[in-house]
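Thanks, everyone. I'll go through some backbone details and some charged pairs, and then stop for discussion.

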Amino acid sequence: MIDTDFAFMGDYVLFSFGYYLSLRVSYIMRCAIFSRHGKVYHLDKYIIRGGNPLFGEVEISGAKNAAVAIIPAALMVEGVCRIENIPQISDADMLLTILSEMGAKVRTINKNTVEIDCTSVCREGAPYDLMRKIRASYYLIGAMLGRFGSAKTTMPGGCNFGVRPIDQHIKGMTALGAHVEVKGGFVYAEAPNGVLTGNKVYLDKVSVGATMNIMIAASKAQGKTTIENAAREPHIVDLANFLNSMGADVRGAGTDTIKIYGVEKLHGGTYTIIPDQIEAGTYMAAVAATGGEITIKNVIPKHLDCISAKLREMGVEIDEYPDYVVVRRMGKLTRANVKTQPYPGFPTDMQPQISTVLCLAEGTSVVTEGVWDNRYKYISELKKMGAEVQVDGKTAVIEGVPFLTGAPVAACDLRAGAAVVIAGLCAKGETVVEDVSYIERGYQDLVGKLNNLGADIVCVSEPDEYTSAVV
Ligand code: UD1
């Protein structure tokens, strides 16, 4: 039915995709790069007047880290793949643009649903300048290998948490028989005679990206692949479910052993992305910091267990229902120790947000980063607001203070940006957050959702005099 739609509606598709692209690209350009109006460039910033407790309801969007793997995986599908609950974030937009530049037909159905037809994509169309901007472009290695038998991608970009190697991705592709070379900022991979062969892969490190990349490539390899020491995050299960709904045979996702039985072809279908665990956790942390009571809708409470347990320890009340949680903080916050670990441990992507809450908890808290080497850059921003934190390597020792004070700060990366926004929401006075393009890579309408909860936050766009002058 959908195929027929595509056949008869070629012009409409081109038109609607053009319209879609213009909306999406202008959205990306508005905040993610610099918005260009004539020869004037704009930079967006958030201005937050802190002190309002949060009350009301917020709806969680689709999971970023699932979407950024599922969109590239759609490259493997020969047919129309309808994906629902895609978050409206610049990282997802960029991946859709990359696919369309490779020849995919991307049709927007509504703001969170697209149909992607990769029947006639070609490897050569890949826009390397866009790939370089995002971390998740590494999934194109697995997807291109599976689809074309060869891949050329840039080394991935993304948030800088210190060294971000891709050796485990390469180990996986090599185990499947590909010859992989990294040269001049590019990754080249070639399967012998264009065909990957299933094999056993033991990951030396629990890696979300490597687990998903190998799953994608192995879906179309000949024979069986086993990934040992696999990551177990909810988005791993979501990617497996997506691939299976398109005809793949992936078993065991969510455990540390995943088995993939290669199939010849993936067919079209419809898939709905799970809700974003980290976006939900961010709103939980926000109400913990400001006080108040909010209902967080469209969540899978099980995915929030590690976050809920820690917040409860800190004095936050959480009521769980089948697909929503009510989070309440009326009394004082108490200190806690947090160690980030792969799922089901406390997520590293919630470390900056929970640390911000701990800045306001009575007593001394110790946070240990167990995944990344360098994920405390935002602490210097929190210190500008009066936080008392000492960082030593992977450990941060936080002395709670009675309040934070508004200040000009910057978003150092996506979750660090969420952390300074939370700090601004509960601080006395005004906080100005610069570099918000990082935040908009991963949060759909953060400003609108927070304002609905009673926050006072505006996004302002100002001409960037320096950039405008030098162009
Ligand atoms: C993904 C998430 C990121 C999150 C991280 C951990 C995306 C787009 N990003 O990143 O938000 O913080 O999972 O939950 O989904 N490592 C290696 N070699 C590799 C790969 C990773 O040594 O080949 C190391 C990394 O340096 C890090 C650890 O393994 O110390 C975990 O990294 P990984 O799970 O791969 O993170 P990403 O997939 O890049």
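I'll start with D435, which counts as partly exposed because its relative accessibility is 40%. One thing to keep in mind throughout is that this is a predicted model. D435 sits in the loop between strand 23 (430-434) and helix 15 (437-440). Its phi is positive, about 60°, and the residue is not a glycine.

N85 is another non-glycine residue with a positive phi, in this case near 65°. Where is N85 found? It is in the loop between strand 4 (80-84) and helix 4 (90-101). Is N85 buried or exposed? Its relative accessibility is 18%, so N85 counts as buried; the cut-off for that is under 20%.

Staying with the backbone, there is a cis peptide bond between Y343 and P344, with omega at about 10°. P344 belongs to the loop between strand 18 and helix 12.

Now the charged pairs. How many salt bridges does the count come to? It comes to 23. I'll show a few of them.

The first on my list is D349 with R375, whose side chains form a salt bridge at 2.7 Å from N to O. This pair connects distant parts of the chain, with the two positions 26 residues apart in numbering: D349 is in the loop between strand 18 (338-339) and helix 12 (351-358), and R375 is in the loop between strand 19 (364-368) and helix 13 (379-384). As for accessibility, D349 and R375 are both buried.

Next, E381 and K384. Their side chains meet in a salt bridge, N to O at 3.1 Å. Both residues are in helix 13, and because they are three residues apart there, about one helical turn separates them. E381 has a relative accessible area of 8%, so it is buried. K384, with 48%, is partly exposed.

There is also a network: R82, E84, R107 and E115 are joined into one by salt bridges that share partners. Within it, E84 pairs with R82, and their closest N and O atoms are 3.3 Å apart. Are these two buried or exposed? Neither label applies: E84 counts as partly exposed because its relative accessibility is 23%, and R82 counts as partly exposed because its value is 22%.

That's what I have. Comments, please.

How values were computed:
Residues numbered from 1 in each chain as written. Predicted model: local features only at pLDDT ≥ 70, side-chain atom pairs only at ≥ 80, totals over all residues. Heavy atoms only, no water. Salt bridge = Lys/Arg side-chain N within 4 Å of Asp/Glu carboxyl O. Buried < 20%, exposed > 50% of the residue type's maximum accessible area, 1.4 Å probe, protein only. Helix = DSSP H or I, 4+ residues; strand = E, 2+ residues; numbered from the N terminus.
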